[in-house]
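This report covers one pocket and one pair of packed helices. The sequence and the structure come first.

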Amino acid sequence: MPGLHRAQILPEPELPDPTQLLAEGRRLARTVTVGPCPFLSAYGVRSESEYKRRRMAEGAIMLHAQFGYRSPAKSLRAYAEIYERVAAAGYRVDRYGICLDWSMGYPAAQRADMPRGTGLILEEPRDFAALTQSAPVAPHFGDFVIGTPAAVENTAAALAAGSTSIGNLGQYFTFRMPRWSDDVGTTAETIKALALCAAQPVEIMVHSNLDDGFAALFCDLACGLGAVLIERYIVEELIGGHVSHCYGHTFSEPLTRLAFQRALAQVTETPGSMVYGNTTIFCGSEVENYANLASYLLVDIIAQRTRPTGHGLNPVPVTEAMRIPEIDEIVDAHLFANRLIQRAGGLEALFDLEAAEVIADRLVEAGQRFKERVLSGLAKGGIDIANPFELLLAIRRIGAKRLEELFGPGEPREDVLRKRLPVVRATTVAALEDQGEGVVALLDPSDQAVIRRAGFTACVTCTDVHEYGKILVETALGRLDVEVIDAGVSADPDAVAERAKVAGADFIAVSTYNGVALDYLQALRQEIARVGLNVPIFIGGKLNQIPEDSPSSLPVDVSGQLQALGAVVCHRVEDMLEELLEMAKERNQ
Ligand code: B12
């Protein structure tokens, strides 16, 4: 097996000393502690994990609501109103996941000049506290806190606001802040923040959303469970904290969704933060999305009833694939979920739950092998696996695809993705590949041949962590013998332009989701002009942005403006293929 070499992964002659970073985080814990909030006082608990354990013992199913509007006033209203309206109907919201904007990952002092997305921006620590004072619901600061350049300041603000569930370690591995290349600094801040949590006198759940991290990109679900074990090793064994895992976005297959929960129950005692809604199955029809919602919630209800793991259930509003859900829509989803919990009583007797246990055992066994192979492979390559700094940075730099290729527990097989037969097949990446092939198959074979003959080179990229659109585009182009130059994920416009220039690309394909479409395209056009390139740009994904002067603070569609700037706007991959066919006909003449 080809190995890894330190010089390629960590070429720096010197890296920060983890002992000092850990000491700094622990020192900070003398002054930064968990502040009061209505949730902790109303239930008489010191932390959310204490509350979760109590509710698990009572056999209660907990519920999670997710929101974070650009307008702080609207977010404050949501914090109070969702709780009140759900309570008025006789139900309870246990926790709120606060959807901070991704620009919150920049240190506050540098944030003003950086790009921003569509979520909530809290300027001061007191803004964190104002939010959590609005209702007795557990505040979960699950994104853009731990794992970012602003990890320490955001963790301190979250703790002081009474939050005892803070993330997102998953994001550390995959997310790169635009215009921020200092991964050494980001890792140092992450270690300090982890130590600050670990040194608290109460249990802080370091939240990791596996789908935000590598799990969404593995082809073998066993690697996802292996990631849990590796994160436990780093946070619990090396740093002395507690890590709490969230899964769900991409877990569309009922049996493996249930099996993964069972596997988590086998390998961890820390309650789970939440099980996320299966957002990837949501479509453009609200009515049909009620069926989607019920399909995954039922699995999660049965999972918690028969083996409580503390995960809050997340009823995703039926409008989520179309827009950022409104307060009313979040309340509706909760009323639906609570009624479903009542109606699902006794349903478990109809299922063969043992089938999930069998898969869970396979996940645990193969996940452990993945963890051991990763750690021993890194050690052989010269990485100090007792040093959390080196381990975190090395894993982040190697990335999901290579880790799986090198250390996946499946049998080697040349003809499959990642060159290994998955122990338990993860469905998302495989489904995208099938979808890509399907799109190409819709083209007339003679048109396919025309595109193949043109011998195009494409530079493909995405502007943020959302990588599925990019994978889909790459698959379709690959099937048409277009040479794909991978300009990476969360790629800055200048790097994309350089890459396209060096590769002699005939066109650039951009997938974008984080509400930056217009700014990104403008910057990319400037950069390709700077390097002296004049090629078409195809752009697809979520083509929206919050206008500078918007009173509503909601993103609006910018397709028309993108088109006016000369981009080929693609609502489907087919739109790009039609245009490529015309380009190919011209070239082949
Ligand atoms: C999957 C998903 C994720 C996954 C991504 C996993 C991964 N590694 O890729 C995870 C869980 C990580 C994630 C995280 C977040 N997400 Co998200 N996510 C989604 C979701 C559910 C699906 C998007 C997707 O990948 N679809 C699959 C693609 C293949 O299908 P499609 O989108 O329909 O695309 C079609 C075309 O557009 C075309 N296409 C796409 N790109 C391109 C490019 C070209 C060149 C061409 C030709 C065609 C093309 O191909 C498809 C088929 O025709 C959407 C909601 C939704 N249902 O759309 C939210 C959504 C995109 N996310 C959103 C947000 C806000 C986030 C977060 C910022 C939330 C947070 N605060 O943490 C984080 C981002 C974190 C970060 N680090 O940036 C918002 C964006 C809001 C906006 N812009 O208005 C959305 C819309 C949800 C919502 N309604 O609020 N997310």
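Helices are DSSP runs of H or I with at least four residues, numbered from the N terminus. A pocket is an open set of points on a 1 Å grid over the protein atoms alone, where a 1.4 Å probe fits, with protein on both sides within 12 Å along at least five of seven lines; its lining residues have an atom within 4 Å of a point. The model is predicted, with local features needing pLDDT of at least 70 and side-chain atom pairs pLDDT 80 or more, while totals for chains, interfaces and linings use all residues. Residues are numbered from 1 along each chain as its sequence is written, and side-chain values use heavy atoms, without hydrogens and water.

Helix 21 gives the most to the lining of the second largest pocket, five residues. That pocket holds about 670 Å³ of space, a volume being the space filled by probe spheres set on the points. Its lining has 31 residues, with P115, R116, V516, D519 and Q545 nearest the centre.

The axes, lines fitted to C-alpha atoms over the stretch in contact, of helix 18 (residues 445-454) and helix 23 (residues 573-588) come within 8 Å and cross at roughly 60°. That angle makes helix 18 oblique to helix 23, because it is not under 35 degrees, over 145 or from 65 to 115. Contact (heavy atoms within 4.5 Å) involves residues including V450 and I451 of helix 18 and L577 and L580 of helix 23.

Ala, Val, Leu, Ile, Met, Phe, Trp, Tyr, Cys and Pro count as nonpolar, Asp, Glu, Lys and Arg as charged, and the others, Gly among them, as polar.

| Site | Nonpolar | Polar | Charged |
|---|---|---|---|
| Lining of the second largest pocket | 15 residues | eight residues | eight residues |
| Contact of helix 18 with helix 23 | seven residues | one residue | four residues |

How values were computed:
Helices (H or I, at least four residues) and strands (E, at least two) are DSSP runs, numbered from the N terminus. Axes are lines fitted to C-alpha atoms, for helices over the stretch in contact, and angles run from 0 to 180 degrees between N-to-C directions.
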